[in-house]
Amino acid sequence: MALPEKLILVCQSFRLGKEPKGICHKQTDGLLQYIEEGILDRGLDVQVATTGCLKQCEKGPVLVIQPDNLWFKGVNSEEAIDAILDGMESGTPAAEYLLS
Ligand code: FES
C-alpha cells in the first residue's frame with residue numbers, strides 16, 4: 001500500500017502517567033468518522049491518526065495537518081471539519097480555524 005500524501009492528526013487528549021486527560025476528546029465525539037467520510041468524498045490522499053495531548057488544550061479541540069505543519073483550533077463541529085477539508089482540497093487553509 002502506498003504511503004499517504006498527508007496526515008491529519010486529531011488530538012484525543014492522552015497524557016502520560018497519572019495526569020488527567022485534556023479536553024479535546026470530549027468535544028470530538030463522532031468527528032473522526034466524519035473526517036474519514038469527508039476525505040473519501042473529496043478523494044484526498046490523507047490518512048487520519050489520533051494523538052495524545054498536543055499541549056494546546058486551551059485552544060482545543062486541536063487538529064494538525066502534516067507535513068504542512070498547519071495547526072487548527074476549535075475543531076468541534078462538522079462545519080469546522082468541512083472548512084478544513086475544503087481548504088486541503090483548494091490549497092488555501094481555513095484561516096478562521098488556524099492556530100497561530
Ligand atoms: S487535550 Fe488536546 S491539546 Fe491538550
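## Core and sheet of a predicted model

In this predicted model, the largest nonpolar core has 18 residues, and those touching the most other members are Cys11, Val62, Leu63, Phe72, Val75 and Ile84. Two or more residues of this core come from each of β1, α1, β3 and α2 (78-90). Helix α2 gives the largest share, four residues. In soluble globular proteins, nonpolar side chains tend to be buried together.

One of the core residues named above is Val62. Leaving aside residues up to four places away in sequence, Val62 touches Cys11, Cys24, Leu54, Gln56, Trp71, Phe72, Lys73, Val75 and Leu99.

The sheet is open and consists of four strands in the order β2-β1-β3-β4, with mixed pairing. Strands β2 and β4 each have a single partner strand, so one side of each is left without a neighbour in the sheet. From one strand to the next, the twist averages 20°. Helix α1 packs on this sheet and touches β1 and β2, and its direction makes about 160° with that of β2.

The table gives the residue ranges of some of these elements.

| Element | Residues |
|---|---|
| β1 | residues 6-14 |
| α1 | residues 31-42 |
| β2 | residues 46-52 |
| β3 | residues 63-66 |
| β4 | residues 70-72 |
| α2 | residues 78-90 |

Strands of a sheet pair through backbone hydrogen bonds, either parallel or antiparallel. Here β1 and β3 run antiparallel and are joined by four bridges. Val10 has Leu63, in β3, as its bridge partner. Leu63 is also among the core residues that touch the most other members.

Terms used
Residues are numbered from 1 along each chain as its sequence is written. This is a predicted model: local features need pLDDT of at least 70, side-chain atom pairs count only at pLDDT 80 or more; totals for chains, interfaces and linings use all residues. Two strands pair if DSSP finds at least two bridges between them. Axes are lines fitted to C-alpha atoms, for helices over the stretch in contact, and angles run from 0 to 180 degrees between N-to-C directions. Two residues are in contact if their C-beta atoms, placed from the backbone, lie within 7 Å. A nonpolar core is a set of buried Ala, Val, Leu, Ile, Met, Phe, Trp, Tyr and Cys residues joined through C-beta atoms within 7 Å. A residue is buried if 20 or more other C-beta atoms lie within 10 Å of its own, exposed if 12 or fewer, and partly exposed in between; C-beta atoms are placed from the backbone.
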